[in-house]
Amino acid sequence: MRTDIFARLDREPEPPKIETPRMSRHRIALFGGTLAFYLAIVVAVLVSSWLVALDWKVMLFRPYQQWPELHAFLDYYVVLGQRGPTAVMVASWLGWRSWRQHTLRPLLTLGTSLLLLNLSVGAVKLGLGRLGPHYATQIGSAELYAGGDIFPSGHTANAVVTWGILAYLATTPRARRYLSALSAFVSLGVGLTTVYIGTHWLSDVLLGWAAGLLILLALPWFEPLITRTEVWILSVREQWRDRRRLRESVPAAPVTPEPVLLPQALGGGSESAHETAGRGPASGTAGHPGAAARARAHPAHPVRPERTPPAPAGSRRPPHSDRSPRSSAGPSRPVTGGPVAP
């Protein structure tokens, strides 16, 4: 007997009705507050305020030396923020959901969020060019415009977006609450782990949390684009299927075999000569025995009629009035209009 757990693994008979999140007033207020926090951190780092001094205090404290027993575990835990492994894991889960629910929205939403993450975080990283704690050169400096790519923290922002997308795509309020708490715990742990290892400043992690949260809060603005993309992809798939069915339904045209010239003996008689002449590629070989013989002996090289010399109408020997024609078939026959032999 099947239980409800295994029944949930089957594909649903038709796409379920999924409520798409919208930009409510509450979400817009959260987006505005997060954006203000984001800009405040950037300004605090640009002017080398107390936040930069706190970065240096945490770095010189060297947490990885204070609690070395945690280093082995946190080296693996920080992988939950790397883009490659997390994208593969989450895409596998969302791909199964797309198959089960007959919709491409989960995968398209993940792709949109990762694209926004690369564009926004990557632009700020390259624009500010901040160096990490391991490559710092001057104590108390913000280490900006030095060719680095550490600000904001990509690990932290990726953890917020990748695991937060599961909560964003949840279909029930209860699942959304649990997945939101799980994604917040994972992203918080990944950010603090990068500070513990010493690969990021504390301000990098704060800006990474804000950058990832901004992307999740702004996703409802991109829902119409996701819907149009899904409709276009499904229409292209249906057109491709229709063309394939049409090709399979049309029967293939019968192939007419072409005649093949086979070599025959030269002395095959007049009947064989006529058959070979009828099969040959040139009609002029029927009037000349030499050409017919060459056509039979060399079927791959047909004799072209424009190169065949015209055959003479009669014998090349001069006529002799005192000779009678010889024949091996029997006695000579009387010639019409001539004298009769005694």
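**Exercise 1. Characterise the salt bridge that Arg130 forms with Asp204, and state which parts of the chain the pair ties together.**

Solution. In this predicted model, Arg130 and Asp204 form a salt bridge in which the closest N and O atoms are 3.1 Å apart. Arg130 lies in the loop between H7 and H8, whereas Asp204 belongs to helix H10 (residues 202-218), so the pair ties together parts that are 74 residues apart in sequence. The next step is to consider exposure: both Arg130 and Asp204 are buried, and for Arg130 the relative accessible area is 1%, which counts as buried because the cut-off is under 20%. A further polar atom pair involves the side chain of Arg130, of which a polar atom lies 2.8 Å from the backbone oxygen of Ala142. Finally, Asp55 joins the picture, since Asp55, Arg130 and Asp204 are linked in a network of salt bridges.

**Exercise 2. Of the 6 salt bridges found in the whole structure, examine the one between Glu223 and Arg105, and then the one between Glu238 and Arg237: are the residues buried or partly exposed?**

Solution. The side chains of Glu223 and Arg105 meet at 3.3 Å, N to O. Glu223 lies in helix H11 (residues 223-249) and Arg105 in helix H7, so this salt bridge ties together parts that are 118 residues apart in sequence. Glu223 is buried, because its relative accessible area is 5%, and Arg105 is buried as well, with 11%. Turning to the second pair, the side chains of Glu238 and Arg237 form a salt bridge with an N to O distance of 3.4 Å. Here Glu238 counts as partly exposed at 32% relative accessibility, and Arg237 is likewise partly exposed, at 38%.

**Exercise 3. Describe the surroundings of Thr109 in helix H7: what does its side chain reach, and which residues does Thr109 touch?**

Solution. Thr109 is placed in helix H7, which spans residues 105-128, and its relative accessible area of 0% makes it buried. The side chain of Thr109 reaches the backbone oxygen of Arg105 at 2.7 Å. If residues up to four places away in sequence are not counted, Thr109 touches Ile165, Tyr168, Leu169, Leu219 and Ile226.

**Exercise 4. Which residues form a nonpolar patch on the surface, and how exposed is Val43?**

Solution. The patch consists of Val43, Leu46, Val47 and Tyr145, which together have about 420 Å² of accessible area. Val43 is located in helix H2 (residues 25-46) and is partly exposed, with a relative accessible area of 48%.

Methods. Residues are numbered from 1 along each chain as its sequence is written. This is a predicted model: local features need pLDDT of at least 70, side-chain atom pairs count only at pLDDT 80 or more; totals for chains, interfaces and linings use all residues. Side-chain values use heavy atoms; hydrogens and water are left out. Helices (H or I, at least four residues) and strands (E, at least two) are DSSP runs, numbered from the N terminus. Buried means under 20% relative accessible area, exposed over 50%, partly exposed in between (1.4 Å probe, protein chains only). A polar contact is a pair of N or O atoms within 3.5 Å; within protein, one must be able to donate a hydrogen and the other to accept it, and residues adjacent in sequence count only if both atoms are side-chain atoms. Contact means heavy atoms within 4.5 Å. Patches are made of residues with over 30% relative accessible area and no salt bridge: like charges are joined within 9 Å, nonpolar side chains (Val, Leu, Ile, Met, Phe, Trp, Tyr) within 5 Å. Accessible areas come from the Shrake-Rupley method with a 1.4 Å probe; for residues, only the protein chains shown count as cover. A salt bridge is a side-chain nitrogen of Lys or Arg within 4 Å of a carboxyl oxygen of Asp or Glu.
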